[in-house]
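Thanks for sharing this one with me. My notes follow as numbered points, so keep the structure open beside you as you read.

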Amino acid sequence: KFAIGLFTSNFNQCNSINSVEAHKKFLLLTLEICNNYPNTKIIFKPKNNFAFYKSHKTTNELAEKLSSYNNFMAISDTCSSVEICKTSDVLISMAFTSPGFEAMCMGKKSFYVDLLNIYKNSYFDNFQKLVSHSHEEALSNLKFWMEVDQKNVLLKYKEVYREMGIENANQAS
């Protein structure tokens, strides 16, 4: 079964890089993916316990709704991100989460989302289809990554690695 892995950053903590609103939009995106791809396994790996989403007033309804989907699975925050990368076909990460880059180093189809469009002109914006700055762009990039041939993925990443000065391209650090 095709699998999409989703990774979040810290939620509602003093060191959170993405706001509660960004997490809400990420949950909305996840919900739409669950609806659009009912035969796809959706593996959601939060940085913190998924129960935090259920207990917060801004995200509780979305978290409860996601939990009702048969194709949705919230993984423990203690589970290794590498294991999720291995079992997923496409990975979607919130801005500044390391699993996105780990997935790239493993040769997996991966992209970042900045759904509030606040991290414009990040380094990864230099590369097509690696960052989505809106809900619509995220869905478009997901379709692209689902359909792109694995050989082309590796060629694209080779370009990214070369630009970044990385020589051991398929070794996640």
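1. In this predicted model, the buried residues of helix α5 pack against β1, α4 (81-87), β4, β5 and α7. The residues concerned are P99, G100, F101, E102, A103, M104 and C105. Seven of the eight residues of α5 (residues 98-105) are therefore buried, and the helix is largely enclosed by the rest of the structure. After α5 comes G107, with a positive phi near 80 degrees.

2. S110 is a good place to look next. This serine sits in strand β5 and is buried, at a relative accessible area of 0%. What does its side chain reach? The partner of the S110 side chain is the backbone oxygen of G100, at 3.0 Å, and G100 is itself one of the buried residues of α5. Setting aside residues up to four places away in sequence, S110 touches L91, G100, A103, M104, L130, W145 and Y157.

3. W145 from that list leads on to helix α6, where A138, L139, N141, L142 and W145 are buried. Why can they be placed on the same side of the helix? They cover an arc of only 165 degrees around the axis, and that puts them on the same side of α6. On the other side, E136 and E147 are exposed. The cover over the buried residues includes β1 (3-7), α1 (20-36), β4 (90-94), β5 (109-113), β6 (131-132) and α7 (150-164).

4. I also looked at the length of α6, and you may like the result. The helix has 13 residues (residues 135-147), so at 1.5 Å a residue it should span 18 Å. Its end C-alpha atoms are 19 Å apart, which agrees.

5. Strand β1 has come up twice already, as a packing partner of α5 and as part of the cover of α6. How many of its residues are buried? Five of the five residues of β1 are, so "mostly covered" is a fair description of the strand. In a regular strand, side chains alternate between the two faces of the sheet. For β1, A3, G5 and F7 are buried on one side, and I4 and L6 are buried on the other, so both faces are covered.

6. The pairing of β1 is worth tracing on your screen. Strand β2 (residues 41-45) runs parallel to β1 and is joined to it by five bridges, with G5 opposite I43. β1 also pairs with β4, again in the parallel sense, over four bridges. In that pairing I4 stands opposite V90.

7. Within β4, please have a look at M94. Is it buried or exposed? M94 has a relative accessible area of 3%, and so is buried, for which the cut-off is under 20%. Leaving out neighbours within four places in sequence, its contacts are F7, T8, S9, N18, A22, H23, F26, Y112 and V113. L31 makes a useful distance marker: M94 and L31 are 63 residues apart in sequence and 15 Å apart in space, C-alpha to C-alpha.

8. Loops deserve a mention too. T40 lies in the loop between α1 and β2, and is buried with a relative accessible area of 7%. Beyond residues up to four places away in sequence, T40 touches K1, F2, A3, I4 and N71. A3 and I4 in that list belong to β1, on its two opposite sides.

9. Now for the chain as a whole. The secondary structure comes to seven helices and six strands, and the order along the sequence is β-α-β-α-α-β-α-β-α-β-β-α-α. The radius of gyration is 15 Å, close to the 16 Å that the globule rule gives for 173 residues, so the chain is as compact as a globular protein of that length. Along its principal axes, the C-alpha trace spans about 45 × 35 × 30 Å.

10. Two totals round off the picture. Of the 173 residues, 47% count as buried. Among contacts with a separation of 6 or more, 64% are between residues 24 or more positions apart. The M94 and L31 pair above, 63 residues apart in sequence, is given for its C-alpha distance of 15 Å.

Conventions. Residues are numbered from 1 along each chain as its sequence is written. This is a predicted model: local features need pLDDT of at least 70, side-chain atom pairs count only at pLDDT 80 or more; totals for chains, interfaces and linings use all residues. Side-chain values use heavy atoms; hydrogens and water are left out. The expected span of a helix is 1.5 Å times one less than its number of residues. Buried means under 20% relative accessible area, exposed over 50%, partly exposed in between (1.4 Å probe, protein chains only). The arc is that of the directions from the helix axis to the C-beta atoms. Contact means heavy atoms within 4.5 Å. A polar contact is a pair of N or O atoms within 3.5 Å; within protein, one must be able to donate a hydrogen and the other to accept it, and residues adjacent in sequence count only if both atoms are side-chain atoms. Two strands pair if DSSP finds at least two bridges between them. The radius of gyration is taken over C-alpha atoms; the globule rule is 2.2 Å times the number of residues to the power 0.38.
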